[in-house]
Amino acid sequence: MIIGKTGPNEKRIKINLDINCTNCNCKVPGGIQVSESYYETEEFEKELEQFKKNYLCGKCRDEKRVAKR
Ligand SMILES: [Zn+2]
């Protein structure tokens with residue numbers, strides 16, 4: 001997963017995070033990528049917060065998709 005805007009030639013940093021699914025609360029180990037210039041900016045912190053708040057594991061995402069049908 002890539003967070004924020006990254007230019008094609010921008011160096012990306014990989015960050016490993018444990019994210020909790022917002023629905024079933026299971027822990028999902030995952031990594032995100034962010035461009036070097038975006039990392040540690042306030043904007044990035046905010047986006048990461050939003051990302052965590054809306055995160056669903058694969059299983060819950062599937063269930064949501066099925067429910068919508
Ligand atoms: Zn889940």
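The exercises below work through a predicted model of one protein chain.

**Exercise 1. Confidence**

Task: Find where in the protein chain confidence is lowest and where it is highest.

Solution:
- Step 1. Begin with the chain as a whole: the mean pLDDT is 89, and 99% of the residues reach 70 or more.
- Step 2. Turn to the elements. Confidence is lowest in β1, with a mean of 83, and highest in α1, with a mean of 93.
- Step 3. Keep a general caution in mind: where pLDDT is low, predicted coordinates should not be read in detail.

**Exercise 2. Elements and overall shape**

Task: State which pattern of elements the protein chain follows along the sequence, and decide whether the chain is compact or spread out.

Solution:
- Step 1. Count the elements: the chain has three strands and two helices.
- Step 2. Put them in sequence order, which gives β-β-β-α-α.
- Step 3. Compare the radius of gyration with the globule rule. The rule gives 11 Å for 69 residues, and the chain has 14 Å, well over that value, so the chain is more spread out than a compact globule.
- Step 4. Add the dimensions: along its principal axes the C-alpha trace spans about 40 × 20 × 20 Å.
- Step 5. Add burial, for which the cut-off is 20 or more other C-beta atoms within 10 Å. Of the 69 residues, 1% count as buried.
- Step 6. Look at contacts between residues at least 6 apart in sequence: 62% of them join residues at least 24 apart.

**Exercise 3. The sheet**

Task: Work out the order of the three strands in the sheet, and say which strands stand at the edges.

Solution:
- Step 1. Take β2 (residues 12-20) and β3 (residues 27-35). These two strands run antiparallel and are joined by nine bridges.
- Step 2. Check individual pairs between them. Ile15 has Ile32 of β3 as its bridge partner, Asn20 stands opposite Lys27, and Lys14 stands opposite Gln33.
- Step 3. Take β1 and β3, which run parallel and are joined by two bridges. Here Ile2 has Gln33 of β3 as its bridge partner.
- Step 4. Combine the pairings: the order is β1-β3-β2, in an open sheet with mixed pairing.
- Step 5. Read off the edges. β1 (residues 2-3) and β2 each have a single partner strand, so one side of each is left without a neighbour in the sheet.

**Exercise 4. Positive phi in loops**

Task: For Asn25 and Glu40, give the phi value and the location, and decide whether each residue is buried or exposed.

Solution:
- Step 1. Recall the general expectation: most residues other than glycine have a negative phi.
- Step 2. Asn25 departs from that sign, with phi near 70°. Asn25 belongs to the hairpin of β2 and β3, which has six residues between the strands.
- Step 3. Asn25 has 9 other C-beta atoms within 10 Å and is therefore exposed, the cut-off for that class being 12 or fewer.
- Step 4. Glu40 also has a positive phi, of about 70°, and is not a glycine. Its place is the loop between β3 and α1.
- Step 5. With 10 other C-beta atoms within 10 Å, Glu40 is exposed.

**Exercise 5. Helix α1 and the loops beside it**

Task: Test whether the span of α1 agrees with its number of residues, then describe Thr41 and Asn54.

Solution:
- Step 1. α1 covers residues 42-53. At 1.5 Å a residue, its twelve residues should span 16 Å.
- Step 2. The end C-alpha atoms of α1 are 17 Å apart, which agrees.
- Step 3. Check cover: none of the twelve residues of α1 counts as buried, and the helix is hardly covered.
- Step 4. Thr41 is in the loop between β3 and α1. Thr41 counts as exposed because it has 12 C-beta neighbours inside 10 Å. Its C-alpha atom is separated by 24 Å from that of Val28, 13 residues apart along the chain.
- Step 5. Asn54 is in the loop between α1 and α2 (residues 58-68). Asn54 has 8 C-beta neighbours inside 10 Å, so it counts as exposed. Gly4 and Asn54 are 50 residues apart along the chain, and their C-alpha atoms are separated by 15 Å.

Conventions:
Residues numbered from 1 in each chain as written. Predicted model: local features only at pLDDT ≥ 70, side-chain atom pairs only at ≥ 80, totals over all residues. Helix = DSSP H or I, 4+ residues; strand = E, 2+ residues; numbered from the N terminus. Rg over C-alpha atoms; globule rule 2.2 N^0.38 Å. Contact = placed C-beta atoms within 7 Å. Pairing = 2+ DSSP bridges. Expected span 1.5 Å × (residues − 1). pLDDT = per-residue confidence, 0-100.
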